[in-house]
Structures are given as structure tokens and as C-alpha cells.
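Reader: I am new to this structure and would like to go through it by question and answer. Please show it to me before we start.

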Amino acid sequence: MTPHATVTPSPAGPTTPIVNSYTEWEPLEEVIVGRADHAFIPRWHCSIEATMPKRHWSWFQAHGGSPFPAEVTAAAARELDAFSMMLEREGIKVRRPDPVDWSLPFQTPDFGPETGLYGAMPRDSLIVFGTEIVEAPMAWRSRYFEFRCFRSLLKEYFQAGARWTMAPRPQLSEASFNDGTDARPYDVQAGRSAVTEFEPVFDAADFCRVGRDVFCQLSQVTNRFGVAWLARHLEPTFRVHILEVTDPNAMHIDASFIPLAPGRLLRNPERIQHLPDMFRDWEILTPPPPAIPEEHPLYFTSRWLSLNVLSLDERRVVVEAGETPTIDFLKQNGFEPIPVPFRNFCSMGGAFHCATCDIRRRGTLQSYF
Ligand code: DAV
């Protein structure tokens with residue numbers, strides 16, 4: 001049997017595998033869009049401290065292990081539904097994870113009791129490299145069983161011909177975390193990450209696909225061991241490069257380094273000052289600052305969610321509707337931004353790139369350097 005002998009016909013035609021994605025910008029055909037329902041606030045832990053804006057620490061300390069405010073999740077769910085309908089109008093097949101009750105407590109031999117988080121951000125736990133879908137070994141204990149909401153879809157994709165891999169399951173015992181006073185204040189570039197090198201850990205959203213070349217950052221949830229595991233898993237087809245990103249609380253590269261088309265990169269000016277020499281022929285676009293009001297609650301992230309866009313192809317880009325400066329900037333540079341309201345969802349820790357996982361984009365393996 002050839003690897004794709006069981007591929008079911010798709011709108012792309014019988015020759016495009018069901019799971020097929022090499023870049024962040026090729027024409028999008030099928031995508032997973034997360035769910036906000038039943039979201040739970042993670043319990044306070046050094047891995048939470050290391051990534052959260054300081055002004056929200058007390059909120060997590062007070063509310064960890066209880067449900068997300070219902071008004072936030074209900075408004076976020078409406079925005080996700082409207083975003084999904086917009087994608088469907090553009091001819092893109094939208095899939096949703098199973099509804100899961102994230103309040104169910106769990107215990108492992110290494111930690112617990114713990115509760116879940118949400119199924120809102122498929123980008124964090126899943127990543128497609130070509131025709132293979134990889135489940136990431138995430139560092140937050142609350143996310144240990146997040147894969148459960150995606151398993152119906154992953155089994156279906158496998159039955160339709162996809163390759164499917166789960167990275168080595170981490171233990172997330174005490175040895176996995178730097179919790180001492182000498183680890184603080186957490187700062188990835190200063191070598192003070194919340195995660196140790198005890199075992200491989202990474203979030204899928206710390207990686208970004210540009211054909212044969214895959215770019216990533218070390219972060220508060222991704223260690224060198226995790227990058228090494230994925231790099232060896234992907235070689236020789238893909239080459240993994242670690243970027244220099246100035247972000248002490250780094251968690252996910254998709255508001256810092258955003259390739260939009262062959263040879264065109266959007267960079268976060270506060271975080272990306274140096275790029276590898278291989279980018280010398282690329283056009284580096286420096287966007288204006290985010291517009292979201294300072295007082296808007298962003299419990300998990302910075303305001304740079306303005307750059308957390310989803311490309312439908314190398315011109316059309318979904319951008320948060322209130323980010324007028326970014327929208328104008330993209331228009332001036334020949335893109336066709338599609339404004340979609342998403343601020344309530346943003347409070348949960350991401351925008352359009354985080355809320356999705358592209359399953360199929362038209363295209364084949366290429367080098368862009
Ligand atoms: O503040 O840059 C972006 C992505 C979170 N999932 C930030 C976080």
C-alpha cells in the first residue's frame with residue numbers, strides 16, 4: 001500500500017493528501033478552528049508565572065482551578081462561530097474539536113490533582129509538516145490531556161491517509177521545572193526558563209513553517225531538548241532553525257515572526273532585531289504598534305496579537321477588526337486584509353493564528369531560500 005492509497009477525494013482533487021501543509025501562506029483548504037466552551041483557568045504554577053503579564057498574576061492566583069468567566073467564553077464562542085462562517089464563505093472547510101469538560105480533575109504519578117484548560121488554541125498542540133500531523137509535548141500541566149478534544153479529527157485524518165505522530169509524552173514532574181529563586185525573574189534570553197532540560201517539551205506554536213525551513217524559538221514552554229527531538233524527527237526533509245527573539249516571557253512565536261508570502265516576512269519590531277543571513281533577499285515588513293486598548297483584559301499575552309493573523313493565501317490575511325493601523329499597513333503593502341472582530345477571544349490568549357491549525361493548504365515541498 002502506498003502511503004496515500006486511502007486518501008479520500010477532497011475539493012482540492014484526488015491527488016492532494018487530506019493533510020498537506022508546508023507553509024503559513026499557501027491557499028488554505030481545510031482548517032481546525034478551536035472552541036471556547038468549558039474553558040478552565042489554570043492553577044498557579046511557575047510555568048504560568050513565567051509567561052503571564054504581571055498585572056494578571058493576582059487574577060490567576062485568585063481564580064486558578066475555576067471556570068473562565070462565562071461572559072468571556074460565551075462572547076469568544078460567538079466570535080469563533082462568526083470567524084468559522086467567514087472561512088466557509090471563502091470556500092474553506094472548517095472542522096471543530098469535540099466539546100470537552102475541562103473541569104474534570106486528573107492525577108498522574110508525577111503531578112496532580114490538576115484540571116484542564118481549553119480546546120481554544122489548536123495551534124499550540126498540533127502542527128502539520130507536509131502530510132504528517134504532530135501532537136506536541138506541551139509543558140503546562142493543565143494541557144496534559146488537551147489532545148482528547150482533537151482525537152476524533154486526528155483518527156479521521158489518519159484513516160484518510162495522513163501520517164500521525166505524538167511526540168514523547170513528558171512527565172512534567174518537579175524535575176521538568178525551574179522553580180527556585182535563582183530562576184527568577186524568568187527571562188528566556190538570560191537563560192532563566194521555567195522549563196528545565198530534563199525531557200523534551202515544546203508547544204507547536206513555537207514553530208513556524210517556511211517550506212523546507214522551519215523556524216522556532218526557545219521559550220517558557222519550549223526547551224532545547226524539545227527542539228532537538230523535533231529537528232531529528234523532521235530531518236532530512238526539513239531543517240529546523242532557532243531564531244533570536246527578544247521576549248523574556250516568550251510563549252509562541254506567532255506574534256513575533258510571521259512569514260506572509262514567499263520572500264515576505266512580518267516581524268515584531270520589539271522582538272526580532274536580528275535574522276539569520278539566509279533572509280538577506282527577503283522583504284522584512286515592520287508593522288505599526290497594536291491598537292487594542294491597554295485596559296482590554298489579555299490574561300495570557302501581550303497586545304501584539306495584532307500580528308497573530310491567519311493567511312488564506314499569499315494576499316488575503318485575516319486580521320482583528322479593531323487593528324486599523326495593521327490593516328492599513330498590510331493594504332499599503334499589497335495585501336488584502338479581511339477584518340474580523342475577535343477581541344473577546346483575544347482575552348483567552350490568542351487571535352486567528354492561535355485559534356486555528358491549518359490541515360490542508362494547496363502546495364508542495366519547496367525551499368524559499
Ligand atoms: O504575547 O506574543 C502570542 C501568542 C500566544 N499564543 C504574545 C503571545
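Reader: Is E30 buried or exposed?
Author: This is a predicted model, and the answer rests on a computed accessibility. The cut-off for burial is under 20% relative accessible area. E30 has 1% relative accessibility, so it counts as buried.

Reader: With which residue does E30 form a salt bridge, and how far apart are the closest N and O atoms?
Author: The pair links distant parts of the chain, with E30 in strand β1 (residues 28-33) and its partner in strand β15 (residues 356-361), 330 residues apart. That partner also counts as buried, at 1% relative accessibility. The salt bridge is with R360, and the closest N and O atoms are 3.0 Å apart.

Reader: Which residues are linked with E30 in a network of salt bridges?
Author: The network includes the pair just described, R360 and E30. Its full membership is E29, E30, R95, E156, R360 and R362.

Reader: Which residue meets D358 in a salt bridge?
Author: D358 lies in strand β15, and its partner lies in helix α4 (residues 122-125), 235 residues apart from it. Both residues of the pair are buried. The N to O distance is 2.7 Å, and the partner is R123.

Reader: Are E336 and R315, which meet in a salt bridge, buried or partly exposed?
Author: E336 is in strand β14 (residues 336-340), while R315 is in the loop between β12 (310-311) and β13 (316-320), 21 residues apart. Their side chains meet at 3.2 Å, N to O. Buried would require under 20% relative accessible area. E336 has 38% and R315 has 44%, so both are partly exposed.

Reader: How many salt bridges are there by this rule?
Author: The rule asks for a side-chain nitrogen of Lys or Arg within 4 Å of a carboxyl oxygen of Asp or Glu. R123 and D358, at 2.7 Å, are one of the pairs. By this rule the count is 27.

Reader: In what order do the strands of the open sheet with mixed pairing run?
Author: β9 and β10 pair in the antiparallel sense over 4 bridges, whereas β10 (residues 264-267) and β11 run parallel and are joined by 3 bridges. The edge strands, each pairing on one side only, are β9 (257-261) and β11 (283-285). The twist averages 30° from one strand to the next. The order is β9-β10-β11.

Reader: Which residues are the bridge partners of R264 in this sheet?
Author: R264 belongs to β10 and stands opposite A261. In β11, R264 has another bridge partner, E283. The two names are therefore A261 and E283.Reader: Which residue in the turn between β9 and β10 has a positive phi?
Author: β9 is mostly covered, with 5 of its 5 residues buried. β9 and β10 form a hairpin with 2 residues between them. The residue in the turn with a positive phi, of about 75°, is G263.

Reader: Which residues surround the ligand, and what share of its area does the protein bury?
Author: The surrounding residues are M251, H252, D254, A255, R271, T301, S302, G349 and C354. A polar side-chain atom of H252 lies 2.7 Å from a nitrogen atom of the ligand, and one of R271 lies 2.7 Å from an oxygen atom of the ligand. A backbone N or O atom of G349 lies 3.3 Å from a ligand nitrogen atom. Taken alone the ligand exposes 270 Å², and the share buried by the protein is 92%.

Reader: Which residues other than glycine have a positive phi here, and are they buried or partly exposed?
Author: Most residues other than glycine have a negative phi. H38, in the loop between β1 and α1 (46-49), has a phi of about 60°, and at 47% relative accessibility it counts as partly exposed. L172, in the loop between β5 and β6, has a phi near 55°. With a relative accessible area of 0%, L172 is buried.

Reader: Where is the cis peptide bond with omega near -5°?
Author: Most peptide bonds are trans. The proline of this cis bond is found in the loop between β2 (93-95) and α4. The bond runs from G112 to P113.

Reader: What is omega for the cis peptide bond from E235 to P236?
Author: P236 is in the loop between α6 (224-234) and β8 (239-242). The bond from E235 to P236 is cis, with omega near 5°.

Technical notes
Residues are numbered from 1 along each chain as its sequence is written. This is a predicted model: local features need pLDDT of at least 70, side-chain atom pairs count only at pLDDT 80 or more; totals for chains, interfaces and linings use all residues. Side-chain values use heavy atoms; hydrogens and water are left out. Buried means under 20% relative accessible area, exposed over 50%, partly exposed in between (1.4 Å probe, protein chains only). Two strands pair if DSSP finds at least two bridges between them. Axes are lines fitted to C-alpha atoms, for helices over the stretch in contact, and angles run from 0 to 180 degrees between N-to-C directions. A residue is near a molecule or strand if one of its heavy atoms lies within 4 Å of it. A polar contact is a pair of N or O atoms within 3.5 Å; within protein, one must be able to donate a hydrogen and the other to accept it, and residues adjacent in sequence count only if both atoms are side-chain atoms. Accessible areas come from the Shrake-Rupley method with a 1.4 Å probe; for residues, only the protein chains shown count as cover.
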